Amino acid sequence: MIEKIVLHLISPIGFFGAENVMVQLSKELRSLNHRVYIGILGNAQDSHMEVVREAEKHSLNVKVFCCNGKFNIRTLFEIRRYIKHNGINIVHSHGYKSNFYSILASANMNIQRVTTCHNWLGDNLKMRFYARLDKLLLNRFDKVIAVSNDLRDKILKNAAFQDKVVVINNGVDVNKFQLTSRDSQIKKSIGIIEGEPVIVSIGRLTEEKGQIYLIKAFSGIVSEYPGAKLLFVGDGPLRSFLESEARSLELENNVIFAGIRNDIPEMLIMADIFVLPSLEEAMPMALLEAMAAKMPIVATRVGAVSNIIKDGHSGLLVEPKDPVALSRSIVCLLQNKDMARSFGENSYNSVRNNFSSDRMAREYIKAYNSLN
């Protein structure tokens, strides 16, 4: 018996946190006997079809809605027809643009609306405008999911619908990251020599992710470990700036920009330490994936990070924008292999028990069922 028929709707910017959560959730909902569809608002000029490829890899039902420009009336009616044709009873949107389309496409239909708020970033005027618009839209949903307590508090500061807001932590497929051996060919292909310490950071290359402070921190690490490599996995608007900064610090032989990869488990297993230098986060998927790979962690105290990582037990926490503290913490773990190994085991146990994708999906099902 099919419990729910759900359409997930998103306007992707690549395959990052929100896109990753949506695919993981869709996989788990399907395994729990729900029928799931994924709708992609695709732009011909900036398509970001990585999420389509990832969804199709798991045989998920994917539909790309052509959506050029800020608003496309054809897209609106195409989504509406898709909802009717597939008997959708829950439209679950992710992000301000998909929120806007889901509200209009489901107008005057007997359908329930759910949205997941992954984060509000206010790093420029355009993003602040979109965040303000999104806050206005949330009141039109039957259920609003916040991915962390901090984000819930932000939502409730701007809304008077406390009964609609539920916190559901992100989750990862823990088994996906249980690799037993490193692929030496992958290491060689990106310029890493066996035996060199490798520090990895995964995420979009943007200001709020704080990669500039990690590059500055790496000068101190290289002074003690000349062969150490800093591996950035991901891409974004700050890539050229970060590459320039690495060159100016004479770290161009130590800092590797690997770009967007579809082999994240392999990227993690080849590294010694995972670092999250963010200035702002909600519930970072990259951090949960590193924990699932039994990585020792160095991270900044932002968003839900201090609730995920127990300082001195599953990782080391530092204040944001502090390259000296980042450097000291990384060197500490490089020098203390037993501590690093213990942190990795503890972080794995924490993510397995508290942040699995199965647990996440069951919490979402509770949220769906509460709408009946």
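**Calls and cut-offs**

Trainee: Why is R239 called partly exposed?
Mentor: R239 has a relative accessible area of 23%. Buried means under 20%, exposed over 50%, and partly exposed in between, with a 1.4 Å probe and protein chains only. So 23% falls in the middle class. Keep in mind that this is a predicted model: local features need pLDDT of at least 70, side-chain atom pairs count only at pLDDT 80 or more, and totals for chains, interfaces and linings use all residues. Residues are numbered from 1 along each chain as its sequence is written, and side-chain values use heavy atoms, with hydrogens and water left out.

Trainee: What makes E243 and R239 a salt bridge?
Mentor: Their closest N and O atoms are 3.0 Å apart. The term asks for a side-chain nitrogen of Lys or Arg within 4 Å of a carboxyl oxygen of Asp or Glu. So the pair qualifies. Both residues sit in helix α9 (residues 239-248), 4 residues apart, about one turn of the helix. E243 is partly exposed, at 24%. Together with D235, these two residues form a salt-bridge network.

Trainee: How do you know that α9 counts as a helix?
Mentor: Helices are DSSP runs of H or I with at least four residues; strands are runs of E with at least two, and both are numbered from the N terminus. Helix α9 covers residues 239-248.

Trainee: What does the salt bridge between K209 and E281 tie together?
Mentor: The closest N and O atoms of K209 and E281 are 2.8 Å apart. K209 lies in the loop between β8 and α8, and E281 in the loop between β11 and α11 (285-292), so the pair ties together parts that are 72 residues apart in sequence.

Trainee: Is E281 buried or exposed?
Mentor: Buried: its relative accessible area is 9%.

Trainee: What about D153 and R152: how far apart are the closest N and O atoms?
Mentor: They are 3.5 Å apart, and the two residues form a salt bridge. D153 is partly exposed, at 37%. R152 is partly exposed too, at 29%. A search of the whole structure finds 17 salt bridges.

Trainee: Why is E207 called exposed?
Mentor: E207 has a relative accessible area of 52%, so it passes the upper cut-off. The residue is found in the loop between β8 (198-202) and α8 (211-224).

Trainee: Which residues does E207 touch?
Mentor: E207 touches L238 and L279, not counting residues up to four places away in sequence. Contact means heavy atoms within 4.5 Å. The C-alpha atoms of E207 and L279 are separated by 8.0 Å, with their positions 72 residues apart along the chain.

Trainee: What makes strand β1 largely enclosed?
Mentor: 6 of the 6 residues of β1 (residues 5-10) are buried, so the rest of the structure largely encloses the strand. I5, L7 and L9 point one way, while V6, H8 and I10 point the other way. In a regular strand the side chains alternate between the two faces of the sheet.

Trainee: How many bridges join β1 to β2?
Mentor: There are 6 bridges, and β1 runs parallel to β2 (residues 35-42). Pairing needs at least two bridges found by DSSP, so these strands pair. L7 stands opposite Y37 in β2.

Trainee: Why is one side of β10 and of β13 left without a neighbour in the open sheet?
Mentor: The sheet has 6 strands in the order β10-β9-β8-β11-β12-β13, with parallel pairing. β10 (255-259) and β13 (315-318) stand at the edges, each with a single partner strand, so one side of each has no neighbour.

Trainee: How many bridges pair β11 with β12?
Mentor: β11 (residues 273-276) and β12 (residues 297-300) pair in the parallel sense over 3 bridges. L276 has A299 in β12 as its bridge partner.

Trainee: What is notable about the phi of K294?
Mentor: K294 has a positive phi of about 65° and is not a glycine. Most residues other than glycine have a negative phi. K294 lies in the loop between α11 and β12 and is partly exposed, at 33%. K321 also has a positive phi, near 65°. The loop between β13 and α13 (323-335) holds K321, which is exposed at 52%.
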